[in-house]
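This report goes through one protein model, from the whole chain down to a single residue. Please keep the sequence and the 3D view open while reading.

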Amino acid sequence: MASMGDDQEENIEMWKIKKLIKGLTEARGNGTSMISLVIPPKGQVNLVNKMLTDEIGTASNIKSRVNRLSVLNAIGSAQTRLKLYNRVPDNGLIIYTGTVLTDEGKEKKMNIDFEPFKPINTTLYMCDNKFHTECLHDLLAADQTYGFIIMDGNGTLYGTLCGNHREVLQKITVDLPKKHGRGGQSALRFARLRLEKRQNYLTKVAELATHHFITNDKCNVAGLILAGSADFKNKLMESDVFDARLSAKVLNVIDVSYGGDNGFSQAIELSAETLANVKFIAEKKLIGKFFDHIAQDTGKFCFGVNDTLNCLDMGAVETLVVWEDLPHERLELLNTVTGTTEVKILTPEQQKDPKHFHDAENNQLETTEKIAFSEWLATEYKKFGCQLEFISDKSQEGNQFCQGFGGIGGLLRYQVDLDAFDIPDDVDSDSGFGSDSSEAFI
């Protein structure tokens, strides 16, 4: 089972892929000079290199001189990137190279190569006027494992669902007495025996559920679905013999018309919406916890760029919460007169104001490095000893956090007196993201 830390790492990698997809999708080239190359884990570098060499021969026949040179340069860049690898990495290799047009209409070379965070079983070579990102979308497909218990009066099926792959772990059958006996015994005795066998069945189902879905004292599935055609599933959920660790993971209890394999298929179909909303629900819980701290005025929370960075510097942040589309950028600015460097966190609107690029003596500040603030946090958050959670603005709570609290905040390990900081908070309650520049010296 993947640990919580592994899940967090994967969520951050998925966020990085989302940002990459957005940037690649928006990129456009002049002619067919943009190469998308995907090599699966078992691919061979020498064969791909030979294929690119053959493509050079084909590209040499392009009539348009400008287009021919652009394509040849892109293939050459792809070969150069490929030389960095002696073999294809374990999860495969993705390369994007070519000349793209900037917003000002100027040409700019783009070269990206990376190993995806999980295996990519796709082979692709495309030379076009855009980058092809379909394979990256596959990486974003949720691959968490969910457990299913399909229970009725005839037996129980235990199964798992991971992506599109379903697996039956075990099936058991049971022969329970009906409500009416055949005679020859008292009604009370028959009722007692019937209840006893039903209870034994529930106990057996609960024990097997623990066996299949608990590993090393932890639940090995992201969520659990209880399904069945009778009332047994509800009895199991309410029963004391059902492991509390599993009970906490139950996402839904649903009615199906069948038991066994047919019931499993129907349960998967009926729970599709529930499983799709798992991340959505977890996000709402996280933001709800943040708002609870604010409502109770615990002092164990912060929001806004300045306060959050100060708390990070102190090592006080336990969970850092960041809007996945946070507009701020982190700029390293060089004072051309004093030679000193300072860091500012600015929104695109703030960057249009010249005052942010001059010091108190009106000396020019030159931008030496610029990176999306959220991307910088995704790289550096471990240095601050905190967990990082990206959230969307799709839920009501998420939208309130993004618009009302600046899209960045944290749950703290201990109380911090934020009024003690000299730097004023950058979040204006009326404007959402604030109007003043945000600075951090970290």
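Of the 442 residues in the protein, 44% are buried. The model is a predicted one. Its secondary structure comes to 13 helices and 19 strands. Contacts between residues at least 6 apart in sequence can also be sorted by separation: 69% of them join residues at least 24 apart.

**The four-stranded sheet**

In what order do the four strands of the open sheet lie? The order is E3-E2-E1-E4, and the pairing is antiparallel. E3 and strand E4 (124–128) are the edge strands, as each of them pairs on one side only. From one strand to the next, the twist averages 5°.

Strand E1 (residues 29–39) and E2 run antiparallel and are joined by seven bridges. Within this part of the sheet, Leu37 has Ile95 of E2 as its bridge partner.

Two helices can be described relative to these strands. Helix H2 (residues 45–59) lies across E1 and E4, and runs at about 160° to E1. H3 packs on the sheet and touches E1, E2, E3 and E4. The direction of H3 makes about 25° with that of E1.

**The cavity**

How many cavities of 30 Å³ or more does a search of the whole structure find? The search finds one. The space in the largest cavity is about 50 Å³. Its lining is made up of Ser70, Asn73, Ala74, Ser77, Gly98, Thr99, Lys109 and Asn111. Helix H3 (65–82), strand E2 (93–101) and strand E3 (107–114) are the elements that give two or more residues to this lining. Which of them gives the most? H3 does, with four residues.

So the helix that packs on the sheet also takes part in lining the largest cavity, as do two of the sheet strands, E2 and E3.

**The second largest pocket**

The second largest pocket has a volume of about 1300 Å³. It is lined by 29 residues, and those closest to its centre are Lys19, Lys22, Gly23, Glu26 and Glu375. At least two lining residues come from each of helix H1 (4–26), E2, E3, strand E16 (365–372) and helix H12 (373–380). H1 gives the most to this lining, with nine residues. E2 and E3 therefore appear in this list as well as in that of the largest cavity.

The table sets out the two linings by residue class.

| Space | Volume | Nonpolar residues | Polar residues | Charged residues |
|---|---|---|---|---|
| Largest cavity | about 50 Å³ | one nonpolar | six polar | one charged |
| Second largest pocket | about 1300 Å³ | 13 nonpolar | four polar | 12 charged |

**One residue in a loop**

The last item is Thr347, which is placed in the loop between strand E15 (341–346) and E16. Is Thr347 buried or exposed? Thr347 counts as buried because its relative accessibility is 8%, and the cut-off for buried is under 20%. Which residues is Thr347 in contact with, leaving aside its neighbours within four places in sequence? They are Pro327 and His328.

E16, which follows this loop, is also one of the elements that supply residues to the lining of the second largest pocket.

How values were computed:
Residues numbered from 1 in each chain as written. Predicted model: local features only at pLDDT ≥ 70, side-chain atom pairs only at ≥ 80, totals over all residues. Heavy atoms only, no water. 1 Å grid on protein atoms, 1.4 Å probe; cavity = no way out; pocket = protein on both sides within 12 Å on 5 of 7 lines; lining within 4 Å. Points joined across faces, edges and corners; volume = space filled by probe spheres on them. Nonpolar A, V, L, I, M, F, W, Y, C, P; charged D, E, K, R; others polar. Pairing = 2+ DSSP bridges. Axes fitted to C-alpha atoms, helices over the stretch in contact; angles between N-to-C directions. Contact = heavy atoms within 4.5 Å. Buried < 20%, exposed > 50% of the residue type's maximum accessible area, 1.4 Å probe, protein only.
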